[in-house]
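Please open the model in your viewer and set it to a cartoon representation, with the sequence panel alongside. The tour below proposes one selection after another and says what is to be found at each.

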Amino acid sequence: MSAVVALTAVALFVEPVARQELSDGRTVDFGPLQLKLAYNSGVAFSMGDQLPMWIVLTVTAVIGQLELQRPEVNGATIRRFLTRN
């Protein structure tokens, strides 16, 4: 659990710095790793980027609810997944 907290703290610190430093379109080169700021314009593969947010949220909620209705995916399975150590 402490690793999750540490990584979250690092991400919360690094994200605004990276956003500020990369907002002008430049790329930072770390050898095999190159950083460039990009934004996702849609939900998945830019599908839904022109749809109102309420439609995207409704479709997501319906799919999630249908997924929870499947016999092999139930509340006990999800609780077991979320609480495993």
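The stops run from the whole chain to the hairpin and then to a pocket.

Begin with the whole chain, bearing in mind that this is a predicted model. Coloured by secondary structure, the chain shows three helices and two strands, and if you trace it along the sequence these elements follow one another in the pattern α-β-β-α-α.

Next, select residues 27-30 for strand β1 and residues 33-36 for strand β2, which pair in the antiparallel sense over four bridges. Within this pairing, pick out Thr27, whose bridge partner in β2 is Lys36. Then move to the turn of the hairpin, where two residues lie between the strands, and select Gly31, which takes a positive phi near 75°.

Now switch to a surface representation of the chain. How much area does the chain expose, and which atoms supply 67% of it? The exposed area is about 7,700 Å², and that share of it comes from carbon and sulfur atoms. If you colour by burial instead, 5% of the 85 residues of the chain count as buried.

For the last stop, select Val43, Ala44, Met47, Gly48, Leu51, Ile55, Val56, Val59, Thr60 and Ile63, the residues that line the largest pocket. The space in this pocket comes to about 160 Å³. Colouring the selection by residue class shows a lining of eight nonpolar and two polar residues, with no charged residues in it.

How values were computed:
Residues numbered from 1 in each chain as written. Predicted model: local features only at pLDDT ≥ 70, side-chain atom pairs only at ≥ 80, totals over all residues. Heavy atoms only, no water. Buried < 20%, exposed > 50% of the residue type's maximum accessible area, 1.4 Å probe, protein only. Areas by Shrake-Rupley, 256 points an atom, 1.4 Å probe, with all protein chains shown as cover. 1 Å grid on protein atoms, 1.4 Å probe; cavity = no way out; pocket = protein on both sides within 12 Å on 5 of 7 lines; lining within 4 Å. Points joined across faces, edges and corners; volume = space filled by probe spheres on them. Nonpolar A, V, L, I, M, F, W, Y, C, P; charged D, E, K, R; others polar. Pairing = 2+ DSSP bridges.
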